[in-house]
Amino acid sequence: MSTKLTIDQILQLDAEINGFTNPQSGEVVYEGFVKQPLSILLKYELTELSNRLKEERETVDSLRNELIEKYGEKTEDGGIQITPTIEEKKGKKTETVRNPKYVEFIEEYNKLLQKEIEIAHPEITKEDLKDAGKTKDQYNILFKLVTG
């Protein structure tokens, strides 16, 4: 089976299936669908989808890093960052304004995230979800793949 999803939805699906931990806080946002009590056959079939989703995430991360290099500025420690706001002098006053480079970055990155692609996936039925109902995870994108 295959379904057309935006890249943004594919990144969300990756988190729903494989799990996601917030890198800043260490908080587990998604346990991951593959960690739920599923049939071993479905887990096996989800492995291929999981690998494809990870590839998409790596590609998007790489492209996001390119955009950061394009629009960002070098920091004192040698890194590159884009700040959402900048200080702008207006006469004797300094005002905080939106960084135009950040706005360009967000616009270009959002165009990438809205691109639609076809993604192949195993058939997931409502029956497959029966035992996975004891999770706190929200499977908004995964539910779009469910049949019957």
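Student: Let's start with helix α1. Which residues of α1 are buried?

Tutor: In this predicted model, the buried residues of α1 are I7, I10, L11, L13, D14, A15, E16, I17 and N18. Nine of the 12 residues are buried, so α1 is largely enclosed by the rest of the structure.

Student: What covers the buried residues of α1?

Tutor: The cover includes three strands, β1 (2–6), β2 (20–21) and β3 (28–30), along with α2, α3 (100–114) and β8.

Student: How do I read the span of α1 against what's expected?

Tutor: Take the rise per residue and compare the result with the distance between the ends. At 1.5 Å a residue, α1 should span 16 Å, and its end C-alpha atoms are 16 Å apart, so the two agree. Just past the helix, G19 has a positive phi of about 95°.

Student: And α2, how many residues does that one have?

Tutor: Helix α2 (residues 40–71) has 32 residues, and its first and last C-alpha atoms are 46 Å apart, close to the expected 46 Å. There's still a kink of about 25° in α2, centred on T47.

Student: Which α2 residues are buried?

Tutor: Here's the general idea: an α-helix has 3.6 residues a turn, so residues three or four places apart point the same way. Now the case at hand: the buried residues in α2 are L42, L46, L49, S50, L53, E56, V60, L67, I68 and Y71.

Student: N18 is on the α1 list. Why does N18 count as buried?

Tutor: Buried means under 20% relative accessible area, and N18 is buried because its value is 18%.

Student: Which side chains make polar contacts with the side chain of N18?

Tutor: One is D14, at 2.5 Å. Another is S50, with a polar contact of 2.5 Å between the two side chains. Setting aside neighbours within four places in sequence, N18 is in contact with E31, G32, V34, K35, S50 and K54.

Student: Which residues of the largest nonpolar core touch the most other members?

Tutor: Of its 18 residues, those are L13, I17, F33, L46, L53, I124 and L142. The elements giving two or more residues to this core are α1, α2 and β8 (116–120), and α2 provides the largest share, four residues. Apart from this core lies another, of 11 residues, among them I7, L11, Y71 and F105.

Student: What is L142 in contact with?

Tutor: Leaving out its neighbours within four places in sequence, L142 is in contact with L13, E16, I17, F33 and I124.

Definitions and conventions. Residues numbered from 1 in each chain as written. Predicted model: local features only at pLDDT ≥ 70, side-chain atom pairs only at ≥ 80, totals over all residues. Heavy atoms only, no water. Expected span 1.5 Å × (residues − 1). Bend = angle between axes of the 7 residues up to and from the residue. Buried < 20%, exposed > 50% of the residue type's maximum accessible area, 1.4 Å probe, protein only. Polar contact = N/O pair within 3.5 Å; in protein donor to acceptor, adjacent residues only side chain to side chain. Contact = heavy atoms within 4.5 Å. Core = buried A, V, L, I, M, F, W, Y, C linked by side-chain atoms within 4.5 Å.
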